[in-house]
Amino acid sequence: MSRTKNHKDHDFRHSHASLLENEGINIQEIARRLGHTDVNMTWYTYSHLYPKEEERAVDILNKIV
């Protein structure tokens, strides 16, 4: 496999995960689709896709209280 093809495969996988995350798909499902046996691997690789989760969690809790 050439480096270019390998790079394109990686780009596709990353785009796939990013698009699913943007639509609110659970990270466990994203991990399953990528073939990751451990969701921690997915979280480590794609955690930068979730920068507003802390802010969203605080907003939700503030609405409850």
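What pattern does the protein chain follow when it is read along the sequence? The pattern is α-α-α-α, and the count comes to four helices and zero strands. Keep in mind that this is a predicted model. The mean pLDDT of the protein chain is 84, and 88% of its residues reach 70 or more. That confidence varies along the chain: among its elements, α2 has the highest mean pLDDT, at 93, while α1 has the lowest, at 80.

Next comes the question of inside and outside. Of the 65 residues in the protein chain, 20% are buried. The accessible surface adds up to about 5600 Å², and carbon and sulfur atoms account for 54% of that surface. As for how the chain meets itself, take the contacts between residues at least 6 apart in sequence: 27% of these join residues at least 24 apart.

Which residues make up the largest nonpolar core? There are eight of them: Ala-17, Leu-20, Ile-27, Ile-30, Leu-34, Tyr-46, Leu-49 and Tyr-50. Two elements, α1 (3–22) and α2, each give two or more residues to this core. The largest share comes from α2, with three residues.

A few members of the core are worth a visit. Ala-17 sits in helix α1. With a relative accessible area of just 1%, Ala-17 is buried, because the cut-off for that label is under 20%. Leaving aside residues up to four places away in sequence, Ala-17 touches Ile-30, Leu-34, Tyr-46 and Leu-49, and each of these four also appears in the core list. One of these partners, Leu-34, is 17 residues from Ala-17 in sequence, and their C-alpha atoms are 7.9 Å apart in space. Seen from its own side, and with the same neighbours left out, Leu-34 touches Arg-13, His-16, Ala-17, Thr-42 and Tyr-46.

Ile-27 is another core residue, this time in helix α2. Its relative accessible area is 18%, so Ile-27 also counts as buried. Beyond residues up to four places away in sequence, Ile-27 touches Val-39, Thr-42, Trp-43 and Tyr-50. Thr-42 lies 15 residues from Ile-27 along the chain, yet the two C-alpha atoms are separated by 7.4 Å.

Thr-42 turns up again at His-36. Where is His-36 found? The spot is the loop between α2 (27–34) and α3 (39–46). Is His-36 buried or exposed? At 15% relative accessibility, His-36 counts as buried, since that value falls under the 20% cut-off. Its side chain makes a polar contact with the side chain of Thr-42, at 2.5 Å. Not counting residues up to four places away in sequence, His-36 touches Arg-13, Ala-31, Met-41, Thr-42 and Tyr-46. Two of these, Thr-42 and Tyr-46, are also touched by Leu-34, and so is Arg-13.

Helix α4 (residues 53–64) tells another story. Of its twelve residues, the number buried is zero, so α4 lies largely in the open. How far apart are the end C-alpha atoms of α4? The distance is 17 Å. At 1.5 Å a residue, the twelve residues should span 16 Å, which agrees with the model.

How values were computed:
Residues numbered from 1 in each chain as written. Heavy atoms only, no water. Expected span 1.5 Å × (residues − 1). Buried < 20%, exposed > 50% of the residue type's maximum accessible area, 1.4 Å probe, protein only. Polar contact = N/O pair within 3.5 Å; in protein donor to acceptor, adjacent residues only side chain to side chain. Contact = heavy atoms within 4.5 Å. Core = buried A, V, L, I, M, F, W, Y, C linked by side-chain atoms within 4.5 Å. pLDDT = per-residue confidence, 0-100. Areas by Shrake-Rupley, 256 points an atom, 1.4 Å probe, with all protein chains shown as cover.
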